[in-house]
Amino acid sequence: MTSLEIMQTVARWHGVPWRAFASSQVRTRETVLCRWEAFWLVRNVLALSYPNIGRKCGYDHSSVIHGVKGWQALIDAGKAVDHSDDLMAGRVPETCVIWKPQPTTLQRREYDNRSGARPHV
C-alpha cells in the first residue's frame with residue numbers, strides 16, 4: 001500500500017472529498033482531523049520520514065509533524081483509535097467517526113425559507 005492510497009482511503013472513511021483533503025486552504029475540523037489520521041497512519045504503517053510524507057501530499061514537514069503528534073495525542077486521550085489494522089485488512093473501521101459539518105445559520109434560514117416555514121431568529 002502506498003502513502004497516496006492510505007491518504008485516499010482515510011479521506012473516503014471520513015467522507016472528506018479528496019480536493020479538500022489535499023488543499024492546504026481547507027481547514028475545517030473534519031478535514032484537518034482526517035489529514036492528521038492519514039499522516040499518522042503513513043508514518044506508522046510505512047515508516048516514511050516527515051519530509052517524505054510532506055512531499056507526497058504537498059505539505060511542509062512541520063505540518064506533518066504537527067498532525068502526527070496531534071493524532072497521537074487524541075489516541076492517548078482516548079478520543080481517537082489506531083486504525084492501522086483496519087487499513088491493512090482493507091476494511092472500513094466500525095469505530096470510524098465521520099465528521100459532518102453542521103449547517104450554518106444562513107443555510108438553515110435559506111432551507112426554512114424554501115420550505116415555507118418561518119426563518120429562525
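This passage describes the confidence of a predicted model, the packing of two of its helices and the lining of one of its pockets.

In this predicted model, the protein chain has a mean pLDDT of 80, with 77% of its residues reaching 70 or more. Confidence is highest in helix 5 (residues 61-76), at a mean of 93, and lowest in helix 7 (residues 105-115), where the mean is 49. Where pLDDT is low, the predicted coordinates should not be read in detail.

Helix 1 (residues 3-14) packs against helix 3 at an angle of about 145°, the two axes lying 9 Å apart, and the crossing of this pair is right-handed. On the side of helix 1, the contact is made by Ser 3, Ile 6, Met 7, Val 10, Ala 11, Trp 13 and His 14, which meet Cys 34, Glu 37, Ala 38, Leu 41, Val 42, Val 45 and Leu 46 of helix 3. Divided by class, the residues of this contact comprise 11 nonpolar, two polar and one charged.

Helix 3 also contributes to the second largest pocket, giving four residues, the largest share of its lining. The volume of this pocket is about 170 Å³, and its lining consists of Ser 24, Arg 27, Val 32, Arg 35, Trp 36, Phe 39, Tyr 59, Ser 63 and His 66. Two or more of these residues come from each of helix 3 (29-46) and helix 5. In terms of residue class, the lining of the second largest pocket holds four nonpolar, three polar and two charged residues.

Technical notes:
Residues are numbered from 1 along each chain as its sequence is written. This is a predicted model: local features need pLDDT of at least 70, side-chain atom pairs count only at pLDDT 80 or more; totals for chains, interfaces and linings use all residues. Side-chain values use heavy atoms; hydrogens and water are left out. pLDDT is the predictor's confidence in each residue, from 0 to 100. On a 1 Å grid over the protein atoms alone, a cavity is a set of points where a 1.4 Å probe fits but cannot get out, and a pocket is an open set with protein on both sides within 12 Å along at least five of seven lines; lining residues have an atom within 4 Å of a point. Grid points are joined across faces, edges and corners, and a volume is the space filled by probe spheres set on the points. Ala, Val, Leu, Ile, Met, Phe, Trp, Tyr, Cys and Pro count as nonpolar, Asp, Glu, Lys and Arg as charged, and the others, Gly among them, as polar. Axes are lines fitted to C-alpha atoms, for helices over the stretch in contact, and angles run from 0 to 180 degrees between N-to-C directions. A crossing is left-handed if the near helix is turned anticlockwise from the far one by less than a right angle, and right-handed if clockwise. Contact means heavy atoms within 4.5 Å.
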